[in-house]
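User: I'm new to reading structures and I'd like a close look at how helices can pack against each other. Could you walk me through one part of this one slowly?

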Amino acid sequence: MPFFQDPPRLANQFDDDPLLPSWLARHIPEAQHGEVATELHALGDVAVEYYAKQLADRLNEPVLTQWDAWGNRIDQIEVSPLWHEAQVLAARHGMVAAGYEARLGVHARTHQFAIVHVLGPSLDVYSCPLAMTDGAARTLVSSGNKSLIDRYVSLLTSRDPGAMWTSGQWMTERTGGSDVSQSETIAKRDGDQWRLYGTKWFTSATTSNMALTLARPEGNAEGSRGLALFLVELRDGAGRLRNIQVNRLKDKLGTRKVPTAELTLDGTPATLVGSPSDGVRAITPMLSITRTWNSICAVSGMRRALALARDYARRRRAFGALLADKPLHADTLAMLEAEYAGAFCLAFRAVQLLGILEHGHDESAERLARALVPIAKLTTGKQAVAVASEAIEACGGAGYVEDTGLPRLLADAQVLPIWEGTTNVLSLDTLRALGKGGALEAITAEVESCCAAATDPGLAEPAAAARNALRHATSWVQEAMPHAERVEAGARRFAMTLGRSLELALLSAHAQWCIDHGQGPRLAAAARRFAQSGVDQIADMSLDDTKLLV
Ligand SMILES: Cc1cc2nc3c(=O)[nH]c(=O)nc-3n(C[C@H](O)[C@H](O)[C@H](O)COP(=O)(O)OP(=O)(O)OC[C@H]3O[C@@H](n4cnc5c(N)ncnc54)[C@H](O)[C@@H]3O)c2cc1C
């Protein structure tokens, strides 16, 4: 009988990893915890079912039909069958709605993102439109524009698959995605409404019902201050695009199920969301939300990659033993588990802060969130790519072969450090957030209080590594701050060090909670391993050397 390798399989995606259950046991009040755990266990099975569907649906990608048989311009985008199902599942399971429901109060966001963590990786990056939908709902709520809130927020946060709307966000133009100040889209008044004219260069989820976008009202000043925030309903009552042309779909490395289009707006009717300027400021809530989604998707992508790599290690034999029993293979997987555990704690801490801020005024949470949200996004995005790359290598040649479905893990992860702010752009954002005052102190307080909580002797070393890295980063930035070029050049190493020391401190505190609550020593092992893998990345590189090299 010839040999055939068993493919990697998934077990229940809630029970399979003790980290999320322990996080929920710690943070969701006892009265509601049982119900939430039962719901997530059921979703853990749905995630397995949809992983199989995902593999079966692998070759279906969005298709743009620009013309009908009679020469009419129609610009219809047909998404994959799994995306149609994902839309129904997302509504039914409250992947956006749960974050807005009163039942769990301040913990609603933790509940919502636990659902996203378990189910998201099986839905072919349907998380992309959901993130923007959530961001649009939050942006409208923050805008205080009552008529827009009344009309749209209940649609965006509905649990009814027939009623739920999704939203896009169109910021990037050919002139830039990081720097939108040169945006060329113009808004012209037309009676009571506005009309937009311009090209949007990257618009994901173009099948959405609406979008929030930036445009410059005629006569406004150059630069980002002159841009205003608009809401666009994409289609009229008959389902026709409202003066929008879909020029083409992007041919992308990953996220291939997501229809990402280039659009021409040619008199597209639009509603002003707030004031006729300062649109970049008005869309900030969108960015906080989508960056938090990005962090959770990074973590859940790592989790999926590790679930498959671990299972494979228990099925694949080499040199007379299962891979899982080979010390070096086990060591490699352990390192990845530690990265995941650190990233998980930081991403879910960002989620917790979001919940706190949405349920009342808390200045210290606000100061902390200001820097922690970009730091979490940039740190976890990089980790997601590194972990996915290692995980597919852990599956050997099969990891590189498309019809195993495994390469998708890496291709999809690669977008995480790019969209919603690249690593460098967010590193500079972190510096700006710290410049506003109080944020570095808030991060220091967070790291110190987590480290103080980690009292088990087995956590002394990780706690010290987190503290020392943070102190080194703090002294570096204080010393470098007067030298603009030096501080800018080192901003990524600085932000990464803050991110990794936050991850290690939060992981150590959670490991302590697990030890104290009979959940075992596994996370303490993760903290010890994490402490060995480069927490402190501060280094003063020569600016002259940089000039010689670039
Ligand atoms: C799959 C996909 C889907 C997308 N969907 C959307 C969408 O729905 N809506 C939307 O608005 N956009 C979307 N984008 C666009 C995305 O947000 C931008 O590509 C991203 O923000 C980067 O902008 P850019 O492409 O103009 O790159 P640039 O801004 O030109 O950046 C190029 C490089 O320069 C670096 N850089 C830039 N400025 C600095 C600086 N000051 N210092 C140091 N380094 C710097 C960046 O880090 C990057 O590495 C999508 C992108 C992708 C890949």
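Analyst: Here is a walk through two helix pairs, with a short stop at one residue afterwards. First, the ground rules: this is a predicted model, where local features need pLDDT of at least 70, side-chain atom pairs count only at pLDDT 80 or more, and totals for chains, interfaces and linings use all residues. Residues are numbered from 1 along each chain as its sequence is written, and side-chain values use heavy atoms, with hydrogens and water left out.

Let's start with helix 13 (residues 439–453) and helix 14 (residues 460–480). Helices here are DSSP runs (H or I, at least four residues), and strands are E runs of at least two, numbered from the N terminus. The axes of this pair come within 9 Å and cross at roughly 165°. An axis is a line fitted to C-alpha atoms, for helices over the stretch in contact, and angles run from 0 to 180 degrees between N-to-C directions. So helix 13 is roughly antiparallel to helix 14, a label for angles over 145 degrees. The crossing is left-handed, meaning the near helix is turned anticlockwise from the far one by less than a right angle.

Who does the touching? Contact means heavy atoms within 4.5 Å. Helix 13 brings Leu440, Ile443, Thr444, Val447, Glu448, Cys451 and Ala452, while helix 14 brings residues including Ala463, Leu470 and Val477. The contact residues split into nine nonpolar, two polar and three charged. In this count Ala, Val, Leu, Ile, Met, Phe, Trp, Tyr, Cys and Pro are nonpolar, Asp, Glu, Lys and Arg are charged, and the others, Gly among them, are polar.

Now for helix 10 (residues 363–394) and helix 16 (residues 491–516): their axes are 9 Å apart, and they pack at about 90°. That makes them roughly perpendicular, the label for 65 to 115 degrees. On the helix 10 side you'll find Leu372, Ile375 and Lys382, among others, meeting helix 16 residues that include Ala495, Met496 and Glu503. This contact divides into seven nonpolar, four polar and four charged residues.

Last stop: Gln13, in the segment before helix 1 (19–27). Gln13 is buried, at 6% relative accessible area; buried means under 20% (1.4 Å probe, protein chains only). Leaving out residues up to four places away in sequence, Gln13 touches Gly44, Ala47, Val48, Val118, Arg303, Arg304 and Ala307. The Gln13 side chain also reaches the backbone oxygen of Ala11 at 2.8 Å.

Note on methods. Buried < 20%, exposed > 50% of the residue type's maximum accessible area, 1.4 Å probe, protein only. Polar contact = N/O pair within 3.5 Å; in protein donor to acceptor, adjacent residues only side chain to side chain. Parallel < 35°, antiparallel > 145°, perpendicular 65-115°, else oblique.
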